[in-house]
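Please read the points below alongside the model. They cover aromatic ring pairs and pockets.

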Amino acid sequence: MSEKYHTPPSSFCPWCAGQLSQENPYRQECASCRSVLYHSSSPTVGAVPIDDSGKVLLAKRGIEPYYGAWNTIGGFLDYGEDPLEGLKREVQEETGAACVVKDFLTMNTGTYGPDGPALLNIYFVVQLLSDDISPRDDVSELRWFALDGLPENIAFQSDRLALDILKKMEEVKR
Ligand SMILES: [Zn+2]
């Protein structure tokens, strides 16, 4: 069974189960305990490992949404987690390799699946510290791609935008 992803507004207060105001779906006040429920984008980190020949490593998704499509390595930050620590954690979890962060790439927004909850995506270029990688966690395959030969089925528009920016950055370097 696939997980269900909820979007604002919520019906009931998460603290006392009272009725939440519905006028502003992103700032909802509880009629009983007066708490305010704020809805924000969920932060994600995306890592783009690049090798000496300029190829980038992408991961094939082994989970929904977009099962079987390619995306950048990464995922949701844990609550209160340092972004760069979260980035290294995700790279380790999905490839088995440690990495160093080389460059900030870009930030953008998106949704987790069509009509899914809002995301704030932060991308970094990284260098893997080992060639010994294997897909794990929610990844079914890892593959190196030339930036001018990226696969058609990239899951998220936000990943495509980030990879376009990287391609332009790399073209300037040559
Ligand atoms: Zn309440």
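1. A residue is called buried when its relative accessible area is under 20%. By that cut-off Tyr 112 is buried, as is Phe 156. The model is a predicted one, and the burial of these two side chains is a computed result.

2. Searching the whole structure for aromatic pairs gives six. In one of them, Trp 70 and Phe 145, the ring centres are 5.0 Å apart and the planes stand at 80 degrees; the pair is therefore edge-to-face, since the angle is over 60. Trp 70 belongs to strand β5 (residues 70–71) and Phe 145 to strand β9 (residues 139–145), so this contact ties together parts 75 residues apart in sequence. Both Trp 70 and Phe 145 are buried.

3. Tyr 112 and Phe 156 make an aromatic pair with another geometry: stacked, with 6.1 Å from centre to centre and 15 degrees between the planes. Tyr 112 sits in the loop between β7 (99–111) and β8 (118–128), while Phe 156 sits in the loop between β9 and α2 (157–173). The two residues are 44 apart in the chain, and their pair links distant parts of it.

4. The Tyr 112 and Phe 156 rings also belong to a cluster. Ring pairs join them there with Tyr 5, Tyr 66 and Phe 76.

5. Which residues lie closest to the centre of the largest pocket? The volume of this pocket is about 390 Å³. It is lined by 25 residues, and those closest to the centre are Arg 61, Asn 71, Gly 74, Gly 75 and Phe 76. Phe 76 thus appears both in this list and in the aromatic cluster. Two or more lining residues come from each of β3 (42–49), β6 (73–76), α1 (83–95), β8 and α2. Sorted by class, the lining holds nine nonpolar, eight polar and eight charged residues.

6. The second largest pocket encloses about 240 Å³ of space. Its lining counts 13 residues, with His 6, Thr 7, Pro 8, His 39 and Pro 117 nearest the centre. Five of the lining residues are nonpolar and eight are polar, with no charged residues; the lining of the largest pocket, by contrast, has eight charged ones.

7. Where does the second largest pocket lie with respect to the domains? Domain 1 (8–39) and domain 2 (42–173) each contribute residues to its lining, so the pocket is located between them.

How values were computed
Residues numbered from 1 in each chain as written. Predicted model: local features only at pLDDT ≥ 70, side-chain atom pairs only at ≥ 80, totals over all residues. Heavy atoms only, no water. Phe/Tyr/Trp six-rings, centres within 6.5 Å; stacked < 30°, edge-to-face > 60°. Helix = DSSP H or I, 4+ residues; strand = E, 2+ residues; numbered from the N terminus. Buried < 20%, exposed > 50% of the residue type's maximum accessible area, 1.4 Å probe, protein only. 1 Å grid on protein atoms, 1.4 Å probe; cavity = no way out; pocket = protein on both sides within 12 Å on 5 of 7 lines; lining within 4 Å. Points joined across faces, edges and corners; volume = space filled by probe spheres on them. Nonpolar A, V, L, I, M, F, W, Y, C, P; charged D, E, K, R; others polar. Domains from an automatic or database assignment.
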